[in-house]
Amino acid sequence: MKRFALATVSTLAVAAGSSVLAEPEAEVLHWWTSGGEAKSVAVLQEEFASNGGTWTDMPVAGGGGDAAMTALRARVLSGNAPTAVQLKGPAIQEWYEEGVLADISGVAEAEGWAEVLPASIAGHMKCEGTWCAAPVNVHRVDWIWANADVLAANGIEMPTTWDEFNAAAVKLMDAGVIPLAHGGQSWQDATVFEAVLLGIGGPEFYQKALVDLDPEALTSDTMVQVFDQMRTMRGFVDENFSGRDWNLATAMVMNGEAAFQIMGDWAKGEFLAAGKTPGEDFLCASTPGDGYLYNVDSFAMFSVDGDDKKAGQELLAKLIVAPNFQKVFNLNKGSIPARTDVALDDFDICANLSAEEMGSTSAAGSLLPSYAHGMALRGSQSGAITDVVTAHFNSDMSSADAVQQLADAVANSY
Ligand code: BGC
């Protein structure tokens with residue numbers, strides 16, 4: 001086993017020009033700590049180990065990764081960056097600008113990433129023409145999950161408009177069921193907000209408001225309607241929602257305490273880890289309206305000293321994008337592979353729907369980056385928006401005031 005591992009590593013190390021004797025090691029910072037997430041990251045740990053790597057785990061709990069990003073900053077500031085970090089969207093380029101990322105172009109070119117990744121995903125992985133991150137998957141964010149029995153018992157179909165959603169929620173409340181399982185954490189508020197905004201405003205409005213930060217869109221009547229719907233939805237969550245973790249909200253749908261959750265398809269990873277079957281125990285549909293909000297998880301390697309660590313980065317980058325990992329990891333994680341050449345035959349109906357709609361929205365120009373999951377904006381800009389969304393959701397602020405605060409917050413961010 002050991003000899004096999006060294007042979008593999010030596011080949012890799014030679015290819016990358018580093019020492020032939022290096023034994024790959026990696027300290028990996030990530031925020032995959034829920035049941036489904038832990039099962040998924042274990043796939044990478046096992047592959048790394050079976051290829052001779054030594055993995056030091058640095059999990060930082062906290063959905064959406066805010067706590068992980070705070071931990072990362074502290075480590076980099078103290079001059080002790082982890083070797084590999086779960087990092088995505090423009091944050092990759094922001095860290096690159098600080099001069100702390102390693103160039104993984106050698107692996108990317110040797111493995112032919114440009115031929116197997118869609119251009120839109122590859123674009124997120126590049127920093128001034130060099131490869132600076134390795135993509136793991138494509139998560140869709142604008143999903144609505146439902147407990148199949150609860151809907152059937154109450155004569156409710158999956159909603160296809162926000163009016164239908166509201167009507168179903170009122171009916172459920174009358175029947176004593178919590179309509180919407182939600183965790184009052186700012187990133188979860190933002191997750192619901194962007195799905196509502198896409199549904200009510202449509203893809204072009206989403207692009208203008210949450211990608212281009214167009215002041216006219218931000219202060220429009222449409223934006224007022226978006227906040228109105230958020231206010232309506234505040235009435236559909238239970239009184240204990242504050243601070244609840246997203247996976248506990250998923251569990252409420254699983255056990256029938258609540259009917260719906262609006263959450264990215266990492267929620268499906270929780271259903272699957274609990275042995276639930278899509279289409280039978282739980283239902284998936286895109287949230288009402290057109291478009292597709294994507295969220296690509298990826299790993300960036302930080303500049304580190306030592307041949308072992310460098311060999312660890314090369315091995316990790318290679319394994320992450322390789323077909324086997326892309327398949328097995330994503331079967332657990334709820335997402336779909338970032339590579340276009342992995343067959344989806346073994347994937348469930350929700351994953352197949354995601355892949356199909358990723359293709360159709362890409363062709364229609366409505367495949368859009370998730371702002372709530374750090375794919376669309378710089379951190380300071382998305383943070384400014386989320387602060388307003390959360391302040392509105394957790395108070396009696398009017399929609400008109402929220403719109404004004406939103407425009408001001410965006411204008412003052414950079
Ligand atoms: C990440 C997912 C993760 C989710 C909940 C998202 O931002 O992209 O991989 O499962 O947060 O923590």
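## Two sheets, two domains: a walk through the model

User: Hi! Which strand does E8 (residues 143–147) join through five bridges, and which residue is the bridge partner of Trp 143 there?

Analyst: Happy to help, and please keep in mind that this is a predicted model. Five bridges link strand E8 (residues 143–147) to E11, and the two run antiparallel. Within E11, Trp 143 has as its bridge partner Ser 286.

User: What is the strand order of the open sheet that holds four strands, and why is one side of E9 and of E11 left without a neighbour?

Analyst: The four strands form an open sheet with mixed pairing, in the order E9-E10-E8-E11. From one strand to the next, the twist averages 15°. Strand E9 (178–180) and strand E11 (282–286) lack a neighbour on one side because they stand at the edges, each with a single partner strand.

User: Which helices lie on E8, E9 and E10, and at what angles to E10 do they run?

Analyst: Helix H9 (residues 162–174) lies across E8, E9 and strand E10 (258–262), at about 150° to E10. Helix H14 (residues 246–254) also packs on the sheet and touches E8, E9 and E10. The angles to E10 are therefore about 150° for H9 and about 140° for H14.

User: Now for the sheet of five strands: what is its order, and which strands are at the edge?

Analyst: This open sheet also has mixed pairing, and its order is E2-E1-E3-E13-E6. Each edge strand pairs on one side only. Those edge strands are E2 (54–59) and E6 (133–135).

User: How do E1 and E2 pair, and what handedness does the β-α-β unit with H2 have?

Analyst: Six bridges pair E1 with E2 in the parallel sense, and one of the pairs sets Val 28 against Asp 57 in E2. Helix H2 (residues 35–50) lies across strand E1 (25–30), E2 and E13, running at about 160° to E2. Together, E1, H2 and E2 make a β-α-β unit that is right-handed.

User: Does E3 run parallel or antiparallel to E1, and which is it for E13?

Analyst: Two bridges join E1 to E3 in parallel, with Val 85 in E3 as the bridge partner of Leu 29. On the E13 side, three bridges join strand E3 (residues 84–86) to strand E13 (residues 298–301), and Ala 84 stands opposite Met 301. So E3 is parallel to E1 and, with E13, antiparallel.

User: Which parts of the chain make up the domains, and how far apart are their C-alpha centres?

Analyst: Domain 1 covers 9–139 + 295–350, while domain 2 covers 141–294 + 366–411. Their contact takes 27 residues from domain 1 and 29 residues from domain 2. The C-alpha centres lie apart by 29 Å.

User: What area is buried between domain 1 and domain 2, and which three residues of domain 1 supply 25% of its share?

Analyst: The area buried between the two domains is about 2,200 Å², with 55% of it from carbon and sulfur atoms. On the domain 1 side, 25% of the area buried against domain 2 comes from three residues, more than any other three supply. They are His 139, Asn 295 and Cys 350.

User: How many salt bridges are found in the whole structure, and how many across the interface of the domains?

Analyst: One salt bridge in the model pairs Arg 378 with Glu 94, their closest N and O atoms being 4.0 Å apart. Another joins the side chains of Glu 27 and Arg 75 at 2.8 Å, N to O. That pair links distant parts of the chain, strand E1 and helix H3 (residues 66–77), 48 residues apart. The whole structure has 11 salt bridges, and the interface of domain 1 and domain 2 has three.

Terms used
Residues numbered from 1 in each chain as written. Predicted model: local features only at pLDDT ≥ 70, side-chain atom pairs only at ≥ 80, totals over all residues. Heavy atoms only, no water. Pairing = 2+ DSSP bridges. Contact = heavy atoms within 4.5 Å. Axes fitted to C-alpha atoms, helices over the stretch in contact; angles between N-to-C directions. Right-handed = clockwise from strand over helix to strand, strands pointing away. Domains from an automatic or database assignment. Buried area = accessible area lost by both parts, 1.4 Å probe.
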